[in-house]
Amino acid sequence: MGSKSNRSRRYTEEFKRDAVALVRSSGKTITEVAREIGVSAEGLRNWVKQEQVDRGQGAPGELTSVEREELRRLRR
């Protein structure tokens, strides 16, 4: 078997913010930035999309990070 773990890696919010900022400021594609910093392109794409939602630029009905966390907390 490969060396990959079945568990997802967890990244700090600071790391995610910095990665999204790098995408926005570098002029590089999400795939290029993801390769450079060692994360999956799909994961980085999700972080960029969530950041747009958090800034109020998401589609109607999409939950912000704060709303997602509150929903998660209430479900417990």
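At 47% relative accessibility, E42 counts as partly exposed, a label for residues between the buried ones (under 20% relative accessible area) and the exposed ones (over 50%), judged with a 1.4 Å probe and protein chains only. E42 sits in helix α3, and its C-alpha atom is 8.3 Å from that of T31, a residue eleven places away in sequence.

A word on the ground rules. This is a predicted model, in which local features need pLDDT of at least 70 and side-chain atom pairs count only at pLDDT 80 or more, while totals for chains, interfaces and linings use all residues. Residues are numbered from 1 along each chain as its sequence is written, and side-chain values use heavy atoms, with hydrogens and water left out.

Now step back to the whole chain. Its mean pLDDT (the predictor's confidence in each residue, from 0 to 100) is 90, and 89% of the residues reach 70 or more. You'll find four helices and zero strands here, counted as DSSP runs numbered from the N terminus: H or I of at least four residues for a helix, E of at least two for a strand. So the pattern along the sequence reads α-α-α-α. Among these elements, helix α2 (residues 30–37) has the highest mean pLDDT, 97, and helix α4 (residues 65–75) the lowest, 95.

Of the 76 residues in the chain, 17% are buried. The chain exposes about 6400 Å², with carbon and sulfur atoms supplying 48% of that; the areas come from the Shrake-Rupley method with a 1.4 Å probe, and for residues only the protein chains shown count as cover. As for contacts (heavy atoms within 4.5 Å), take those between residues at least 6 apart in sequence: 35% of them join residues at least 24 apart.

For a buried residue, try A34 in helix α2. Its relative accessibility is 2%, which is why A34 counts as buried. Leaving aside neighbours within four places in sequence, A34 is in contact with V39, S40, A41 and L44. V23 is eleven residues away from A34 in sequence, and their C-alpha atoms are 8.8 Å apart.

Back to α3, then. Its 14 residues should span 20 Å at 1.5 Å a residue, and the end C-alpha atoms are indeed 20 Å apart; the expected span is 1.5 Å times one less than the number of residues. The buried residues of this helix are G43, L44, W47, V48, Q50 and V53, and they pack against α1 (13–26), α2 and α4. After α3 comes G56, with a positive phi near 85°.

Which residues does Q50 touch, once its neighbours within four places in sequence are left aside? They are L63, T64, S65 and R68. Q50 belongs to α3, which covers residues 41–54, and is buried because its relative accessible area is 18%.

Q50 turns up again in the largest pocket, where about 550 Å³ of space lies. Of the 18 residues that line this pocket, the closest to its centre are E13, K16, Q50, D54 and S65. Helices α1, α3 and α4 each give two or more residues to the lining, and α3 provides the largest share, seven residues. A pocket here is an open set of points on a 1 Å grid over the protein atoms alone, with protein on both sides within 12 Å along at least five of seven lines; lining residues have an atom within 4 Å of a point.

Note on methods
1 Å grid on protein atoms, 1.4 Å probe; cavity = no way out; pocket = protein on both sides within 12 Å on 5 of 7 lines; lining within 4 Å. Points joined across faces, edges and corners; volume = space filled by probe spheres on them.
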